[in-house]
Amino acid sequence: MKNNYSRIAHYHLPGLFEFYELYKVFLPLWKNHRDWFYPWCGIGSIYGSPAQCLWGGGRVGFGEADSNDVISLMKEYGISARLTFSNSLLKEKHLADKKCNELCKMFAGNNFAPKFNGAIVYSDLLIDYLQRNYPDLYLVSSTTKVLTDFNEFEMELNRPEFDFVVPDFRLNKTFEKLSKISQVQKNKVEFLCNECCDFGCTSRKACYENVSRMNLGENVIEHQCKAPGGEGGYRFSLAMKNPGFIGTQDILTTYLPMGYSNFKIEGRGLGSAVVLEFLLYYMTKPEHQLEVREAVYLDSMLDLF
């Protein structure tokens, strides 16, 4: 992979609460062995939400890590934390939720610089609430909006309340249009790299809505994916064959030169072992992947499955 890069790829990684133990092992390796990792990439943020999070969306959160421990880890390594609050079905009554408000207070406070931490959001109701009550959190427009129309996506980029916008993965390769937007807009784009969902899926929004209902505590049946291959669950090998997949070579030779620098890695609903494979593929030089894998696997405190 060539080294003549002019921009840094900022990865936004999954599992702030869900994979706290993994990052507790990985981040010291990232800090102390920078020569093991690609020099053209960095960690832009780690995102997620704890279990039973009313405002949560995208995935049903299962993170059990203590919020104070998460905050300490992010502070130690200077990494932005993003609360995944992408529930699409919130109502006025949900805004008073004690747990979610306490999370906002913790991540907007604790001597963090203004706009250091953020929230991934869908609901305009929640956007207004966060702007009024927690202005120190920056806002990210969630991919759960399923923005597949480029004009709608560009309108979202022009909304001043958002620092980042994550389009649907099916816009990842619309290069003719992506090349023509302004650099200010490009700086706000955050591509979802490793989606495994069928490229022709028509029920993606319904799937996310089902998760929103589950997070609200509604008694609903889990969404059953009818798309080809959906019954098999996530496979990174299949994601790599997806027409919307963005690999390391794509980032280095296409997206960075085009002026894009933010890339989201999905995986909150997966196991630590799979997320480790993402960290190896996207960030770790091939000749050092075994060393990283061994350091993580040999940590007796970490359950990778």
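This section describes the aromatic ring pairs of the predicted model and the charged side chains placed over its rings.

In total, 24 aromatic pairs were counted. One of them joins F112 and F116, whose ring centres are 5.8 Å apart; because the planes meet at 10°, below the limit of 30 degrees, this pair is classed as stacked. The two partners fall into separate burial classes: F112, with a relative accessibility of 11%, counts as buried, whereas F116, at 28%, counts as partly exposed. A tilted arrangement is found for F236 and Y282, with 6.4 Å between the ring centres and 40° between the planes. This pair connects distant parts of the chain, since F236 belongs to helix α9 (residues 236-239) and Y282 to helix α11 (residues 272-283), a separation of 46 residues. Both F236 and Y282 are buried.

The contact between F236 and Y282 also forms part of a wider network. Ring pairs join these two residues with Y11, Y234, F245, F278 and Y281 in a cluster.

Charged side chains are also placed over aromatic rings. The ring of F112, already paired with F116, has the charged end of K75 over it, at 5.1 Å from the ring centre. F112 is thus both a member of a stacked pair and the ring beneath the charged end of K75. A further case involves R82, the charged end of which sits over the ring of F164 at a distance of 4.7 Å from its centre.

Methods:
Residues are numbered from 1 along each chain as its sequence is written. This is a predicted model: local features need pLDDT of at least 70, side-chain atom pairs count only at pLDDT 80 or more; totals for chains, interfaces and linings use all residues. Side-chain values use heavy atoms; hydrogens and water are left out. Rings of Phe, Tyr and Trp (its six-membered ring) pair if their centres lie within 6.5 Å; planes under 30 degrees apart count as stacked, over 60 as edge-to-face and the rest as tilted. Buried means under 20% relative accessible area, exposed over 50%, partly exposed in between (1.4 Å probe, protein chains only). Helices (H or I, at least four residues) and strands (E, at least two) are DSSP runs, numbered from the N terminus. A charge sits over a ring if NZ of Lys or CZ of Arg is within 6 Å of the ring centre and within 35 degrees of the ring normal.
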